[in-house]
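Me: I should like to go through the terms applied to this model and the reasoning behind each. Please take them one at a time.

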Amino acid sequence: MRLTEKTHFVLKNFIKNGDYLIDATAGNGHDTVFLAEETGPTGHVYAFDIQKESIEETTQRIRSKEFHKRVTFFHCSHSEIPERIPCKLHGKIKAITFNLGYLPGGNKNLITKAETTLLALKKSYSLLVKHGKISIIAYRGHAGGKTEYESVKNYISNNNLEHESFACDTGSDSPVLFIITKS
C-alpha cells in the first residue's frame with residue numbers, strides 16, 4: 001500500500017461528515033478531493049499551497065467533483081495556516097494533511113523546507129481537536145528531503161507527540177508517513 005493510500009485509509013475511519021479539515025500542501029489536489037469527499041456537504045476543507053499551479057490544478061479537481069462549496073483555497077505557505085483559519089475554528093480542526101517535497105510534475109527546485117514545515121506543524125497542532133490527527137508524508141529522496149524528514153522526526157520526538165510511523169521499505173531514501181494524534 002502506498003503511503004498516500006495508508007493516509008487515506010487511516011483518515012477515512014476517523015473523519016466524519018461535518019468535520020473541519022486542512023490540506024496543508026494541496027499539490028495536485030488528491031488529498032484535498034479525498035478530504036472534501038469525507039467531510040461531506042456540511043464540513044469544510046481549507047487547502048494551502050505556495051504554487052499558483054497547485055491551487056489551479058486542485059481547484060479544477062474540486063470543481064469536477066462539484067465540491068467547490070466545501071473547499072477554501074489559500075495561495076500561501078502552510079506556515080500561515082493559523083492566521084488564515086477563522087478563529088472560531090481554532091481547536092476544532094479534525095485532521096491536517098502534509099505531503100512534503102515538491103509538486104509531482106512541477107519544478108523540483110520548489111520544495112517544502114524544514115523551517116516553514118516545522119513552523120506549520122507547531123502552529124497546526126494547536127488548531128486540532130482533542131485526538132485530532134496530523135498526517136505527514138516526508139520524501140527523503142530529493143535535495144533537502146532528508147533534512148526536512150529529520151527535522152520533523154526530531155520535532156515529534158522532542159515534543160513527545162503521540163504518533164505512528166510507516167515506511168514503504170527500509171531504504172534511506174524511501175518516504176515515511178507520520179500520523180500524529182493530539183493527546
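Me: Why is Ser151 called buried?
Reply: In this predicted model, Ser151 has a relative accessible area of 19%. Buried means under 20%, so Ser151 is classed as buried.

Me: Where does Ser151 lie, and which residues does Ser151 contact beyond its neighbours within four places in sequence?
Reply: Ser151 belongs to helix H6, residues 145-158. Beyond those neighbours, Ser151 is in contact with Ala114 and Leu118. Leu118 is 33 residues from Ser151 in sequence, and their C-alpha atoms are 7.4 Å apart.

Me: How do you know that Cys87 is not bonded to Cys76?
Reply: A search of the whole structure finds zero disulfides. Cys76 is in none, and the nearest cysteine sulfur, that of Cys87, is 15 Å away. A disulfide requires sulfur atoms within 2.5 Å, so the 15 Å between the sulfurs of Cys87 and Cys76 is too far for a bond.

Me: What makes Cys76 buried, and what makes Cys87 exposed?
Reply: Cys76 has a relative accessible area of 7%, under the 20% limit, and is therefore buried. Cys87 has 66%, over the 50% limit, and is therefore exposed.

Me: Which elements and residues line the largest pocket?
Reply: The largest pocket holds about 790 Å³ of space and is lined by 37 residues. Gly27, Asn99, Leu100, Tyr102 and Pro104 lie nearest its centre. Helix H1 (3-12), helix H2 (30-39) and strand E2 (44-49) each supply at least two lining residues, with H1 giving the most, four. The lining divides into 16 nonpolar, 16 polar and five charged residues.

Terms used. Residues numbered from 1 in each chain as written. Predicted model: local features only at pLDDT ≥ 70, side-chain atom pairs only at ≥ 80, totals over all residues. Heavy atoms only, no water. 1 Å grid on protein atoms, 1.4 Å probe; cavity = no way out; pocket = protein on both sides within 12 Å on 5 of 7 lines; lining within 4 Å. Points joined across faces, edges and corners; volume = space filled by probe spheres on them. Nonpolar A, V, L, I, M, F, W, Y, C, P; charged D, E, K, R; others polar. Buried < 20%, exposed > 50% of the residue type's maximum accessible area, 1.4 Å probe, protein only. Contact = heavy atoms within 4.5 Å.
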